[in-house]
Structures are given as C-alpha cells and as structure tokens.
Amino acid sequence: MRRALELAALGVGRVSPSPMVGCVVARGGGEIVGEGCYLAEGVKHAETLALEQAGARARGATAYVSLEPHAHHGRTPPCTDALIKAGVARVVAPVEDPNPLVAGRGFAHLREAGVEVKTGVLAREAERLNEKYFHSQRARRPFVHLKFATSLDGRIATRAGDSRWITGAESRERVHRLRHEYDAILVGAGTASADDPLLTDRSGLTRHRPLVRVVLDDELKLSPASRLARTARESPVIVFASERADAARTSALDACGVEVVRLAGGARDPRGVLSHLYERATQSVLVEGGATVAGALLDARLVDKVTVFVAPVLIGGRDARAAVGGEGAARLADALRLRDVEIARRGDDVEITGYPRGGSGSVGATARRADAGDAGGEAA
Ligand SMILES: NC(=O)c1ccc[n+]([C@@H]2O[C@H](COP(=O)([O-])OP(=O)(O)OC[C@H]3O[C@@H](n4cnc5c(N)ncnc54)[C@H](OP(=O)(O)O)[C@@H]3O)[C@@H](O)[C@H]2O)c1
C-alpha cells in the first residue's frame, strides 16, 4: 500500500479535479507483478495500467489501490469491471471515495462478484495525500491553504510596506513547489497593488491545468499595467469584484484578458468567492495574503491548512504590518490552534504547517477509526 501511495503521489499537480490514484498488483510473498498511477485526464486509470502490466499473473493476485475503485461509467469504463475480469482475488484499499457517484459502490460491486475487499490500511496517509480532493468533495468548496512569511516578531512588511524578501531562497523555492499542488492562488487587492506579484508556478514541474490567479478586489483597483494583468493571456487571472464596480475599469481589465466576476456579495463574501471557484472545478486554493484577506478567511473559519515561514529577522516598529488582520480572538482559549503540526528547516528559516483544530482540513474520522482498527494490519 505504501508503494501504491507513492505511485499516486506522482499525480501531484496533474490530475485535479480528480483524485490521485496508485495501484500495485502483487502475488503471494509480496512479488509485484504490475504497477500503475493516474497521471492525467484522458489517460488510463491506475488499476487498468497495473492490470495490463500484470497480464495473466493478475489472476488470484491482490490489488492494492490507494482509493476505492469506481464502479460507474464515467470518462473511462468501471475499474471494478477490469479488476473482476482480470480475476483478482483480493482488493485492498484504504478508504471509500467520497464522490457520491462512487462512495461504497465500488467495494459493493467487487464483493458481489466474490472479490475479497479489505479497507482501512494506511487510511490516514491515503486521506492526507488526497486531502484537497476529500475536502472539496465533502464540503462542496475548495480546500483553502493559507501561507505567509513573517519575521520573528510576526510582521509581514516593514512600517514603509517593504516586504521583499523576508525569507531566504530555500523558503521561496519551497513556495513554488507548494503552488504546484494548487489549482488557484489568491491574494487581496492590497497585496496585488503593494507587491505587483506574478503568482505563477515556477516549480518547473508538469501541470495539467494552468494555475489560476485570483484577486479579491471589490473596487477593481488592479492596474491594467500590473504584472498580473499583463500576463493574463498566458496564465488566467480572475478578479472578484462587487456588482457596483466601475464599468470602465472592467473593460480595461477585460481588454488585458483578465476575467472580472461580479458577485452580489462582492469579494467581501469569501464563501461566495469559494463557491464560485468550486463551480469551476477548483479543488484547492493557496492564499498568499495579505493580512486583511488572511484575517477575513480565518475569522470566517474558512482556512483548512496553514503554512508559515518564519525568518530569523526582527522588523519591529509600531506601524509594521502584523501577519493576520481581521477580528481575531479575544481570549487565548478562542485562538485558532493547529494540530498535526509539521516543522521543517528551510535554510535559516523555519516552515511550520498544521491544520486548524476542529477544521474540515483535519483527516476525517473515518480514517482515524480505520487506523485504530488496523494496528498491525497487512500494509505491504
Ligand atoms: N510576507 C508575506 O507573506 C506577505 C504576503 C502577502 C502580502 N504581504 C504584504 O501585506 C501587505 C498587504 O496586506 P493588506 O492587508 O494591506 O492587503 P490584502 O489583504 O492583500 O488586501 C486587502 C484588500 O483586499 C480587498 N478585499 C476584497 N475582498 C476582501 C475580503 N473578503 N476580505 C478582505 N479584503 C478583501 C479590500 O480592498 P477593497 O475594499 O478595495 O476590495 C482590502 O482592502 C503588503 O505590504 C504586502 O507586501 C506580505
């Protein structure tokens, strides 16, 4: 199963809005006879590729699949049919696919055909790997990951607004790998105007769909001369604005290839923005600031994962910008604490990542239950 998860992870940045899937077909004694992973829309599914490689040796073998195989006719024929036809004796899969078209039906179809099904193996790891997919399927909105860089004293810019660069080269390189995992990247009008950022994925890794750059900008302050607007034809830019936004500004951005979306609640309604993005098959959003947008999303409890890069520098100054605005917490007991925290060193900086407690980004209870029941299980 670990190998199946490794194979699935090759799909990072390539398969959204579908899940990443890996499959290993193994015979008794752990002999691997076939491997496959899902790499892009229109390409064969992981199970099909692994079964093709295994050929006749799939008969009586075990298929380890990183997610429940689907039993419905979508763009590809059902994978459960392929497993049954190949004569696989046993299917091991960590968790049900939360997609209502699949959920439980894949396992039921296999069992009806006499295939033994075992679930729960490495369920936590499997859900974590596909956290964006699981979250967007369950919550019907994109997975939101807030990322920012601060000084040791929690500032994101100097009192004069200078914010480049607080962190070192390793942290910035890491940000591009993070961007690669996401469908969209989002900033507020303040950041767009202060930093004139490009917000592209410069990881050098293959993407299936272009990274969509999103600006929350009620009054359409984004300049047609900004780097975002000037590159809108190469990589999409969507600006969310209020219904009252100026028509001339809309036309000027339109002429650059920027898509202006006017919402009834304007960009100030983050739920409205997220549901609009979800309707456009956006599975995940990386929020890169600034302080006002970060505060608004945290206050609305719409953040599913947080990454902060802390650099060993003290900015100081009463008027230097703190990392997070909004209302915040009055009592420490109400402050947003992170769980499942991971800490990595990036040059002289520290990267801290975690999931808001009680938030929907946490690995689901299903996975926790399955893990508990599977101690000493048969993970290959
Ligand atoms: N170190 C870092 O990681 C980092 C990252 C990003 C930014 N920064 C720094 O942060 C500063 C910018 O932060 P900021 O707080 O001024 O700007 P911001 O959060 O980027 O943008 C705030 C503006 O966005 C608009 N907006 C639209 N919808 C919103 C919503 N739902 N919630 C909140 N705002 C919404 C509002 O302008 P309208 O009313 O006009 O719509 C608001 O004034 C800059 O100095 C930048 O360099 C640092």
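Asparagine 130 is buried in this predicted model, with a relative accessible area of 4%, and its place is in the loop between α5 and α6. Leaving aside residues up to four places away in sequence, asparagine 130 touches Pro19 and Met20. The helix that comes after this loop, α6, is itself mostly covered, and the notes below move from that helix to strand β9, to histidine 276 and then to the chain as a whole.

**Helix α6 and its surroundings**

- Helix α6 comprises residues 131-139, and seven of its nine residues are buried.
- The buried residues of α6 are Glu131, Lys132, Tyr133, Phe134, His135, Ser136 and Gln137, a list that holds charged side chains, since Lys counts as positive and Glu as negative.
- The cover over these buried residues includes the helices α5 (123-129) and α11 (270-279), together with the strands β6 (143-150), β11 (284-287), β12 (305-310) and β14 (349-356).
- After α6 comes arginine 140, which has a positive phi, near 55°.

**Strand β9 and its partners**

- Strand β9 (residues 237-242) is largely enclosed by the rest of the structure, because six of its six residues are buried.
- Val237, Val239 and Ala241 point one way from β9, whereas Ile238, Phe240 and Ser242 point the other way, and the residues of both sets are all buried.
- With strand β8 (residues 212-216), β9 pairs in the parallel sense over four bridges, and within this pairing valine 214 stands opposite isoleucine 238 in β9.
- With strand β10 (residues 259-263), β9 is joined by five bridges, and these two strands also run parallel; here alanine 241 stands opposite arginine 262 in β10.

**Histidine 276**

- Histidine 276 is found in helix α11, one of the elements that cover the buried residues of α6.
- With a relative accessible area of 24%, histidine 276 is partly exposed, because that class begins where the buried class, under 20%, ends.
- Not counting residues up to four places away in sequence, histidine 276 touches Phe240, Val261 and Leu263; Phe240 is one of the buried residues of β9, while the range of β10, residues 259-263, takes in Val261 and Leu263.
- Histidine 276 and proline 142 are 134 residues apart in sequence, yet their C-alpha atoms are 9.7 Å apart in space.

**The chain as a whole**

- The protein chain has 13 helices and 14 strands, and buried residues make up 51% of its 380 residues.
- A compact globule of 380 residues would have a radius of gyration near 21 Å, and the 23 Å of the protein chain agrees with this.
- The C-alpha trace spans about 70 × 45 × 35 Å along its principal axes.
- Of the contacts between residues at least 6 apart in sequence, 72% join residues that are at least 24 apart.
- The accessible surface of the protein chain comes to about 17,600 Å², and carbon and sulfur atoms account for 50% of that area.
- The protein chain carries 53 positive and 48 negative side chains, and the centres of these two sets lie 1 Å apart.

Definitions and conventions: Residues are numbered from 1 along each chain as its sequence is written. This is a predicted model: local features need pLDDT of at least 70, side-chain atom pairs count only at pLDDT 80 or more; totals for chains, interfaces and linings use all residues. Side-chain values use heavy atoms; hydrogens and water are left out. The radius of gyration is taken over C-alpha atoms; the globule rule is 2.2 Å times the number of residues to the power 0.38. Buried means under 20% relative accessible area, exposed over 50%, partly exposed in between (1.4 Å probe, protein chains only). Contact means heavy atoms within 4.5 Å. Accessible areas come from the Shrake-Rupley method with a 1.4 Å probe; for residues, only the protein chains shown count as cover. The place of a charge is taken as NZ of Lys, CZ of Arg, CG of Asp or CD of Glu. Two strands pair if DSSP finds at least two bridges between them.
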